[in-house]
Amino acid sequence: MSATLDSLERRAPDAREREMMARLPALIAQAQSAPGWARILRGVNPSDIDNRAALARLPVTRKADLKQLQQQDKPFGGLASSPTSELARIYMSPGPIYDPEGRGPDWWRFARPLYAAGVRAGGLLQNCFSYHFTPAAFMVEGGAARIGCSVIPAGSGQTEMQVLAMADLKPDTYVGTPSFLKLIIEKAREMGADISSVKRAVMGAEALPESLRAWFRENGVPHVFQTYASADIGSIAYESASDGVLHPGMVLDEDVLLEIVHPGSGEPVAEGEVGEVLVTLFNPDYPLIRFATGDLSAIVRDGGAAPCGRTNTRIKGWLGRADQSTKVRAMFVHPSHIHDIARRHPAILKARLILTGSVANESMTLHCEMEAAAADDGGAAAIVATIRELTKLRGDVRIVARGSLPTDGKLIDDQRDYN
């Protein structure tokens, strides 16, 4: 039995890259058929967008802006290329944010993470993602149908019923959040119920610390896999293993074109450096072009092909949020401010704003790695003036040694005392 869902996952990396670049012009043209993307991509010739450098010149569309876009152009902000009448479902996430689902099989591409976790035809999984308004449960349904396994549509909540279903029906796989499986296991122990059939868990929507993964192993669930997905994109990346050993990072979905960029900008970071996740999605109903998720991650360097055979780029999973905006003396300071300051002063190689002190009595210092000549030439004074102009706040500048600032994706480091 193949270790991968299909041959796409085993493509040579350079072949995958060529094929994705070749698909870009048609994706841009498809997106421009939707009024929202037509506005965002006005003046763009689709045939010109056939490489990463050209893609990187296109505007960034932020997940944080979806609510406003959808209020202006209901229900999807003009970003859906298929009419509402041709969709299978419409979801409502908190905000509210509306997300479409088309009629194609495994529309959310969730068969890949399930298959990588060991789910196979003839198996039985208990789907404990919510079926109420949001799409996570239906992502699982589509992936399970493609693989050919059966589903217990358990949803979330009703822990005792979850235990009874597991004890009676003997599913081999749990799919849902880590915290809910922990509650189920603890409830089963309290009830004296045997749920030992569950040997595999596919988890998402929450962080999965290694301590909790170890707890699951100690409590009868030896195979635990994490997924990275969102209500607008579907599956983005997922863990894989061989012979029970997890491979480093999470492998990208085959229809996701990933960029890792400096937060607050669309400029790529160096490979391996933490930055904001941007996704270009090849989706026939809801194309996304340079869609900023607001999440931080990094590419796993020298990942190469794993023993499972998957050759796609791997990322380190979810590493936090890119939106580090904060309020200083009643004024918001955004990562884009730091990016704009650095853009005005090209001698700045890297910058990080550090807030210290206490709220209402804080200090704001921009730590800058700079070209030596500019640092020795009074460059700090000009940067101080730019800080005041852009943020309307007084800030100091500290020149630091090259390579001394962390590569964790932070542009704003809030160290204030909130006690």
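Here are a few notes to help you find your way around this predicted model.

1. Start with the sheet. Four strands make up an open sheet in the order β1-β15-β14-β13, and the pairing is mixed. At the edges sit β1 (61-62) and β13, each of which pairs on one side only. If you'd like the background, strands of a sheet pair through backbone hydrogen bonds, either parallel or antiparallel.

2. Now zoom in on one edge. β13 and β14 (residues 275-281) run antiparallel and are joined by six bridges. To see one of these pairings, look for Leu 257, whose bridge partner in β14 is Thr 280.

3. What lies across this part of the sheet? Helix α1 lies across β13, β14 and β15, and runs at about 90° to β13.

4. The sheet strands also meet through charged side chains. Glu 259 and Arg 290 form a salt bridge, at 3.0 Å from N to O. Because Glu 259 is in strand β13 and Arg 290 is in strand β15, this pair ties together parts 31 residues apart in sequence. Both Glu 259 and Arg 290 are buried.

5. There are plenty of other charged pairs to look at: the structure holds 31 salt bridges. One of them joins Glu 9 to Arg 310, with the closest N and O atoms 3.0 Å apart. Glu 9 comes in the segment before α1 (13-32), while Arg 310 is in the loop between β15 (288-297) and β16 (314-315), so the pair links distant parts of the chain, 301 residues apart. Glu 9 and Arg 310 are both buried. They also belong to a network of salt bridges with shared partners, whose members include Asp 6, Asp 106, Arg 109 and Asp 253.

6. Helix α1 has a long-range link of its own. Its Arg 23 forms a salt bridge with Asp 255, which is in the loop between β12 (250-252) and β13 (256-261), so parts 232 residues apart in sequence are tied together. Are these two buried or exposed? Arg 23 counts as partly exposed because its relative accessibility is 33%, and Asp 255 is also partly exposed, at 21%.

7. Finally, the nonpolar interior. The largest nonpolar core has 62 residues, and Leu 114 and Ile 289 touch the most other members. Setting aside neighbours within four places in sequence, the contacts of Leu 114 include Val 119, Leu 125, Ile 147 and Val 202. A second, separate core has 19 residues, among them Phe 180, Ile 185, Trp 215 and Val 221. In soluble globular proteins, nonpolar side chains tend to be buried together.

Key: Residues are numbered from 1 along each chain as its sequence is written. This is a predicted model: local features need pLDDT of at least 70, side-chain atom pairs count only at pLDDT 80 or more; totals for chains, interfaces and linings use all residues. Side-chain values use heavy atoms; hydrogens and water are left out. A nonpolar core is a set of buried Ala, Val, Leu, Ile, Met, Phe, Trp, Tyr and Cys residues joined through side-chain atoms within 4.5 Å. Buried means under 20% relative accessible area, exposed over 50%, partly exposed in between (1.4 Å probe, protein chains only). Contact means heavy atoms within 4.5 Å. A salt bridge is a side-chain nitrogen of Lys or Arg within 4 Å of a carboxyl oxygen of Asp or Glu. Helices (H or I, at least four residues) and strands (E, at least two) are DSSP runs, numbered from the N terminus. Two strands pair if DSSP finds at least two bridges between them. Axes are lines fitted to C-alpha atoms, for helices over the stretch in contact, and angles run from 0 to 180 degrees between N-to-C directions.
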